[in-house]
Every structure is written in C-alpha cells, then in structure tokens.
Amino acid sequence: MKKELKIIISCMAGFLSGGYISSVMAKDVMKPVWQQSDKILRYYRIFDRWLSLRQRNISLDAYFRNHGYRSVAIYGVKELGCRLLDELQHTDIEVVCMIDQMTDGMDGKVRVITPEDEIPKADVIVVTASYYFESISAELKKKTDCPVISIEEIVYEIRAGGTEHIIRR
C-alpha cells in the first residue's frame, strides 16, 4: 500500500509540475498574441470613434485649429497615419512630414523621414502608432520641444455631442 501511495503521489507531483511548466510556457507563447489583439482592438476603437465624428461632419482639422496648430508632423505611415494625412491634405493644416522607420511606399504625397533624421519645424507631432505612444513620445521629446500627442487623444477629446467648440467644415 505504501508503494502504491508513493506512485500516486509521484504521478500527482509530475502532473502538477508538468501543468505548471506548461502554463508558464503557454503564457510566454501567448503574450505576443494577446499584445497584438490588444493593439488591434485599440486601433479599431480609434477608427470607430473617428468614423463616428465624420458621420456628424466633424473633421479632425478642427482640433488642430482650436489648439492653434497650423503645421503637423505625423508619426506613423500605416493606416491611421495615412488616413490622417488624407483628412488634412485639403485643409489649411499643413502636414510638414511623416515620420516612420519605413520611409517608402508613400507615393510622394509628403516627405517621409526616419525618427533618426532631423525633424522639421512643426506646431505638433501626432503619433498614430498610439499603442506605442509612450516610447515613441519619449524618443521624440529628446529631439524636439514641440508637443507630441496621440491620435487617440485627438479623437477622444473631440466630443461628438455638444460640439460648440468644434469648427465644422
């Protein structure tokens, strides 16, 4: 009976330690998946909010005018950055450049520089890679003293209802 109890305890210990090791390994494997999921959800919410504003004829250029920003540098050349560029192109807000690690694929719409390049004078830098805002902002603030804000901050500061402070176009 004692021998059988030892075998049962050994099996249980092996099962528990194997389960623990598997769960630790699964966390390491799943962490990038969870982070990617969080990032996509965050961008989805920004796009949803932005679209909600546009459906009420509220454009983001109103935010820049209301804050006294006449020139903008956009950090990020992916979807959010390109949509912001498109939205501002036919307004009185000048997009002086886009900043990204990838500097190709913009079809010459606007100058694209890397974060290591000298940043042209702008009233504000808008980070469209908002999931990485903290680290990007910290790096940009080492190079420039102009304000660095997130696209997320812009779309959530503009209120879709009670928009008396918003200039509609």
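A residue counts as buried under 20% relative accessible area, as exposed over 50%, and as partly exposed in between. The model described here is predicted. By this scale, Y131 is partly exposed, because its relative accessibility is 25%. Its neighbour in the sequence, Y132, is likewise partly exposed, at 39%.

Y131 and Y132 also form an aromatic pair. A pair of aromatic rings is described by the distance of the centres and the angle of the planes. For Y131 and Y132, the centres lie 5.2 Å apart. The planes meet at 85°, and the pair is edge-to-face. The aromatic pairs number three in total. Another of them joins F47 and W50. Here the ring centres are 6.3 Å apart. The planes differ by 10°, so this pair is stacked. Both residues belong to helix 1, which spans residues 2-55. F47 and W50 are three residues apart there, so about one helical turn separates them. Their surroundings can be read on the scale given above. W50 is buried, with a relative accessibility of 5%. F47 is partly exposed, with a relative accessible area of 32%.

The chain as a whole contains five helices and five strands. Read from the N terminus, the order of elements is α-α-β-α-β-β-β-α-β-α. Of the 169 residues, 41% are buried. Among contacts with a separation of 6 or more, 63% link residues 24 or more positions apart. The accessible surface of the chain amounts to about 10600 Å². Carbon and sulfur atoms contribute 56% of that surface.

Strand 4, residues 124-127, is covered on both faces. In a regular strand the side chains alternate between the two faces of the sheet. V124 and V126 lie on one side of strand 4, and both are buried. I125 and V127 lie on the other side, and they too are buried.

Strand 4 has two parallel partners among the strands described here. With strand 1, residues 71-75, the pairing runs over four bridges. Within this pairing, I74 stands opposite V126. With strand 5, residues 148-150, strand 4 pairs over three bridges. V148 in strand 5 is the bridge partner of I125. The connection between strand 4 and strand 5 passes through helix 4, residues 133-143. This β-α-β crossover is right-handed.

Conventions:
Residues numbered from 1 in each chain as written. Predicted model: local features only at pLDDT ≥ 70, side-chain atom pairs only at ≥ 80, totals over all residues. Heavy atoms only, no water. Phe/Tyr/Trp six-rings, centres within 6.5 Å; stacked < 30°, edge-to-face > 60°. Buried < 20%, exposed > 50% of the residue type's maximum accessible area, 1.4 Å probe, protein only. Pairing = 2+ DSSP bridges. Right-handed = clockwise from strand over helix to strand, strands pointing away. Contact = heavy atoms within 4.5 Å. Areas by Shrake-Rupley, 256 points an atom, 1.4 Å probe, with all protein chains shown as cover.
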